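User: Please take a close look at the ligand site in this structure. Walk me through what surrounds the ligand and how the site sits in the chain.

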Amino acid sequence: MTNTYKITLLPGDGIGPEVITEAVKVLDAVAVAAKFNISYNEQHAGGAAIDAHNDPMPDSVIDACKASHAVLLGAVGGPKWDALTGAMRPESGLLKIRKELGAFANLRPVTVPNSLAENSPLRPEAVSGLDLFTVRELTGGIYFGQPVGEEGEGAEKRAWNTMIYSVGEIERVARVAFDWARKRRNKVTSVDKANVLHVSRLWRDTVKTLHENEYSDVELDHMYIDNAAMQMVINPRQFDVILTGNIFGDILSDASATLGGSLGLLPSASVGGPVGIFEPVHGSAPDIAGQDKANPLAMILSVAMMLDTLDQDIAAKAIRQGVEKVLDQGYRSGDLWREGNTLASTSELGQYVKEAALAAL
Ligand code: IPM
Ligand code: MG
């Protein structure tokens, strides 16, 4: 096992830089204690890269990412760049780096520790102990399908995107979901819109065939996206692993994130290629950027997911225990604060998690 990891930092925009700062604080501390080294290479991405290089994802940044062991990304986008279109948008930069790194599977785990059940918009007993895991296809579907375009004028003006999946694309992400299910509660729910969309019928048939041939030991069911959204708020505990395409996964994972009270808690790993991207699910929150108010926990938990893939299990576990302890002690950023909690700033939360993680090592 290599002892020095090259990590590319893409803080990006809005609250991205401040949550990255806290994640690095925690990572540096556990690295010393767990005896591995990190070398950082910080690069612009999204709006910051547009300002610096007139390109939301310059080739030099892609090359830096490809030459590293992992990428930590904060957030991209904001009102400053909202008038830009197409490939010049900050979001296009994010899609480009996912595609360039071959990160076709996006893992979005949601757990609700008992200390957070009271924060949920659902009844505490509906979410307490919840543990679900979304595997979202990330480099295909309607986000990337061709043709895309527009033509005409006035009321006749039309625009279109294309939702397209090949058998190979479906199989490779389905394998990721089945493999995770085997390590968890052995159940996959594949979400599609096969009652309407041709592409979803191919999705469903492909998942069924793969299941029969290679994963018949795993329990599999299929759900339409509209029903899945409803089930997510009626009885989220029925889910173990959710397998779905790019846009359905985008929507459903935001809904799942809020079950624990805040989008500020959901980490993610975008994997499948040689270098993974580890990014919180939340956006750049421009309204609170630069005020030391943002919740850094999703970013810090994304570091734990990165350490899992680098086989630094002990350090990853210590970070998760650190986060849990800080929440148990009642510290909360504004997104989660309730009567009886202690309001904590971004930097305080980073510091507390760092101390608690070190104590757990
Ligand atoms: C996400 C985000 C991105 C997406 C945006 C910022 C392009 O919403 O990671 O869920 O749609 O994939
Ligand atoms: Mg999203």
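Analyst: What follows goes from the ligand outward to the domains. Keep in mind that this is a predicted model.

Start with the shell. The residues around ligand 1 are E91, L94, R98, R108, R136, Y143 and D250. By type, five of them are charged, two are nonpolar and none is polar. Helix α4, residues 90-100, gives the largest share of this shell, with three residues.

Now look at the polar contacts. Y143 places a polar side-chain atom 2.6 Å from an oxygen atom of ligand 1. The side chain of R108 has an N or O atom 2.8 Å from a ligand oxygen. For the side chain of R136, the distance from an N or O atom to an oxygen of ligand 1 is 2.9 Å. How much of the ligand does the protein bury? Ligand 1 taken alone exposes 320 Å², and the protein buries 79% of that.

Step back to the whole chain. The domain assignment gives domain 1 (1-105 + 262-361) and domain 2 (121-259). Why does ligand 1 lie between them? Both domains give residues to its shell, so the ligand lies between the two.

The domains also touch each other. Their C-alpha centres are 24 Å apart. Domain 1 brings 11 residues to the contact, and domain 2 brings 13 residues. Together the two domains bury about 1,200 Å² between them. Carbon and sulfur atoms carry 69% of that area. On the domain 1 side, L95, K99 and F104 lose the most area to domain 2. Those three together make up 46% of what that side buries.

Notes:
Residues numbered from 1 in each chain as written. Chains lettered and ligands numbered in written order. Predicted model: local features only at pLDDT ≥ 70, side-chain atom pairs only at ≥ 80, totals over all residues. Heavy atoms only, no water. Near = heavy atom within 4 Å. Polar contact = N/O pair within 3.5 Å; in protein donor to acceptor, adjacent residues only side chain to side chain. Areas by Shrake-Rupley, 256 points an atom, 1.4 Å probe, with all protein chains shown as cover. Helix = DSSP H or I, 4+ residues; strand = E, 2+ residues; numbered from the N terminus. Nonpolar A, V, L, I, M, F, W, Y, C, P; charged D, E, K, R; others polar. Domains from an automatic or database assignment. Contact = heavy atoms within 4.5 Å. Buried area = accessible area lost by both parts, 1.4 Å probe.
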